[in-house]
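Dear colleague,

Please find the structure below, handed over for your use. My notes on the side-chain contacts follow it.

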Amino acid sequence: MKRIVNFINGTFVEPRGGRFLPNMEPAIGAPYGDVADSEEPDVADAIAAAEAAFADWSRLPAERRSRYLTAAADRIESQLEAFASAESIDTGKPITRARALEIPRAIANLKFFAGAILHERGEAYITDRSAVNYVLRRPRGVCGLISPWNMPLYLLTWKIAPAIAVGNTCVAKPSELTPMTAHLLGQALRDVGLPPGVVNIVHGQGSSAGAALVADRRVRTISFTGGTRTGAMIAAAIAPQFKKAALEMGGKNPAIVFADSMSAATVDAVVKSAFSNQGQICLCGSRILVEASIEREFTARLVERTLALRIGDPLEEATEQGALVSHAHYEKVLAAIAVARDDGGELLCGGGRPASLPHRCRNGYFIAPTLIRGLGAGCRTNQEEIFGPVASIIPFGDEREAIEIANGTAYGLAASIWTNDLARAHRLAEALEFGTVWVNCWLLRDLRTPFGGVKNSGMEREGGDEAMRFFTEPKTVCAKTE
Ligand code: NAD
């Protein structure tokens with residue numbers, strides 16, 4: 001049994017209250033260790049360590065901070081297999097995915113900001129001939145970084161890297177459901193000699209450890225990724241303190257398929273966008289909007305491709321679909337499928353536990369990829385985030401209707417458009433109310449671009465320069481030149 005404790009001031013320490021939560025392996029439905037159930041005093045210790053480390057760290061030349069980030073990236077790269085299997089065991093996702101995508105993307109985050117901090121641009125303006133204005137960007141101090149379970153290391157490094165690159169220190173609170181890769185990250189940071197207190201990792205529940213981090217007045221910046229309901233709670237908690245916050249939240253993303261893009265490659269990509277990571281990616285295309293003229297044929301091909309997905313033990317190399325993250329989430333997704341059925345949806349495939357599972361996984365939280373059709377765009381299935389392997393097919397008549405259906409939810413995270421008509425793609429990209437619009441692709445990311453959602457999906461953009469800027473405080477200096 002593996003015990004995960006907090007990483008505070010460069011050392012691993014037990015939670016003061018001595019309490020632990022079971023750390024489950026979702027593929028087998030049993031605990032494989034436990035994790036610190038931290039409370040306010042543990043968070044306070046971590047914040048104090050981060051505060052104490054701030055002065056030295058923020059004064060360090062950017063080049064030195066950059067070197068620590070690169071060293072951490074290299075350290076993870078040298079332990080890629082250990083990180084990938086930890087992520088697979090913790091989350092239930094196929095190890096092939098963790099190894100090929102998510103751990104490498106976490107490494108890329110660290111490397112990207114290690115480079116970006118060396119190429120930071122400044123701003124200066126000459127006001128006629130009377131003054132020169134320049135903008136000083138200072139780090140903000142201790143940052144509170146709260147991340148979810150679906151891509152635990154990727155999303156945590158996405159916050160830690162820009163925050164510390166610009167000179168902040170931080171207290172990170174990973175999801176209590178998937179703490180293992182954050183724990184390994186703490187070890188990697190210690191191994192590369194990151195000064196104590198620069199990154200502190202406190203494990204525990206959102207309602208205790210997370211809320212304590214949000215509430216503490218010494219933390220002036222919060223970067224949160226998670227559900228919209230939690231984001232709303234955090235926004236309400238910090239409003240009276242006027243903290244700066246980036247909130248990256250849920251989505252109900254459309255994949256919009258036009259008749260001219262009908263091909264095996266499009267079918268493949270749309271299935272991938274719906275079911276990758278068991279549909280537990282905030283960017284998954286859970287509403288499949290299909291031009292009515294091809295609905296029949298496209299749906300048949302979608303079902304065929306979905307049924308071919310190999311469900312099984314996430315640690316097996318051949319597995320394409322693993323387990324959902326927890327029993328509670330499994331129950332929530334099954335309840336959402338029941339709602340779809342009650343509302344008159346036709347289940348084309350999936351709908352419950354897969355017909356067969358390896359013996360080791362007989363108690364795991366598996367749901368077969370589920371395709372539904374026949375539900376109106378306004379029904380719950382097409383409005384609420386399910387965040388599981390469930391996608392609904394919605395036909396549309398023309399471009400105008402596609403835009404209306406796509407924009408007709410409270411969310412605005414990401415959309416994908418599948419068409420060979422270039423002009424149409426650009427028209428839609430302009431009209432769609434989403435933070436990211438993909439054209440004939442999905443999940444491609446260039447870290448230099450802003451990332452984040454609109455409406456109930458997000459507040460503040462992260463990514464590239466925007467991420468670095470988010471973690472700084474601008475100050476304008478206006479000096480008279482005459
Ligand atoms: P969640 O909101 O339940 O938890 C996210 C994190 O917030 C966890 O670390 C949790 O412990 C913490 N938390 C919970 N309550 C808190 C509180 N009151 N105060 C402070 N922290 C608290 O989300 P989840 O179930 O872990 O993740 C799934 C959600 O995340 C989905 O809605 C998904 O769309 C979203 N997500 C969004 C993005 C994005 O970039 N927009 C990326 C990944 C996941």
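Which side chain meets Glu-25 in a salt bridge? The partner is Arg-360, with 3.1 Å from N to O. Please note that this is a predicted model. The pair links distant parts of the chain, 335 residues apart: Glu-25 belongs to strand S4, and Arg-360 to the loop between strand S15 (346-349) and strand S16 (370-373). Glu-25 is buried, at 8% relative accessible area, whereas Arg-360 is partly exposed, at 34%.

Salt bridges

In total, 31 salt bridges were counted. Another of them joins Asp-37 to Arg-19, whose closest N and O atoms are 3.9 Å apart. Asp-37 lies in the loop between strand S5 (30-36) and H1, and Arg-19 in the loop between strand S3 (11-13) and strand S4 (20-25), so this pair ties together parts that are 18 residues apart in sequence. The relative accessible area of Asp-37 is 7%, so this residue counts as buried, the cut-off being under 20%. Arg-19, in turn, is partly exposed, with a value of 44%.

A further salt bridge is formed by Glu-176 and Lys-173, with 3.2 Å between the closest N and O atoms. Here Lys-173 is the buried partner, at 3% relative accessibility, while Glu-176 is partly exposed, at 26%. In addition, Glu-87, Lys-93, Arg-97 and Glu-102 are joined into one network by salt bridges that share partners.

Aromatic pairs

The count of aromatic pairs is 10. Among them is the tilted pair of Trp-57 and Tyr-68, with 5.7 Å between centres and 50° between planes. Trp-57 lies in helix H1 (residues 40-59) and Tyr-68 in helix H2 (residues 62-78), so the two rings tie together parts that are 11 residues apart in sequence. Trp-57 and Tyr-68 are both buried.

Tyr-154 and Trp-158 form a stacked pair, because their planes meet at 20°, which is under 30 degrees; their ring centres are 6.5 Å apart. Both residues lie in helix H5 (residues 152-165), separated by 4 residues, or about one turn of the helix. Tyr-154 is buried at 9% relative accessible area, and Trp-158 is buried at 3%. Ring pairs also place these two residues in a cluster with Phe-112, Phe-113 and Phe-451.

Charges over rings

Arg-3 lies over the face of Phe-20, 3.6 Å from the ring centre. Likewise, the charged end of Arg-424 sits over the ring of Phe-258, at 3.9 Å from its centre.

Yours sincerely

Note on methods. Residues numbered from 1 in each chain as written. Predicted model: local features only at pLDDT ≥ 70, side-chain atom pairs only at ≥ 80, totals over all residues. Heavy atoms only, no water. Phe/Tyr/Trp six-rings, centres within 6.5 Å; stacked < 30°, edge-to-face > 60°. Helix = DSSP H or I, 4+ residues; strand = E, 2+ residues; numbered from the N terminus. Buried < 20%, exposed > 50% of the residue type's maximum accessible area, 1.4 Å probe, protein only. Lys NZ or Arg CZ within 6 Å of the ring centre and 35° of its normal. Salt bridge = Lys/Arg side-chain N within 4 Å of Asp/Glu carboxyl O.
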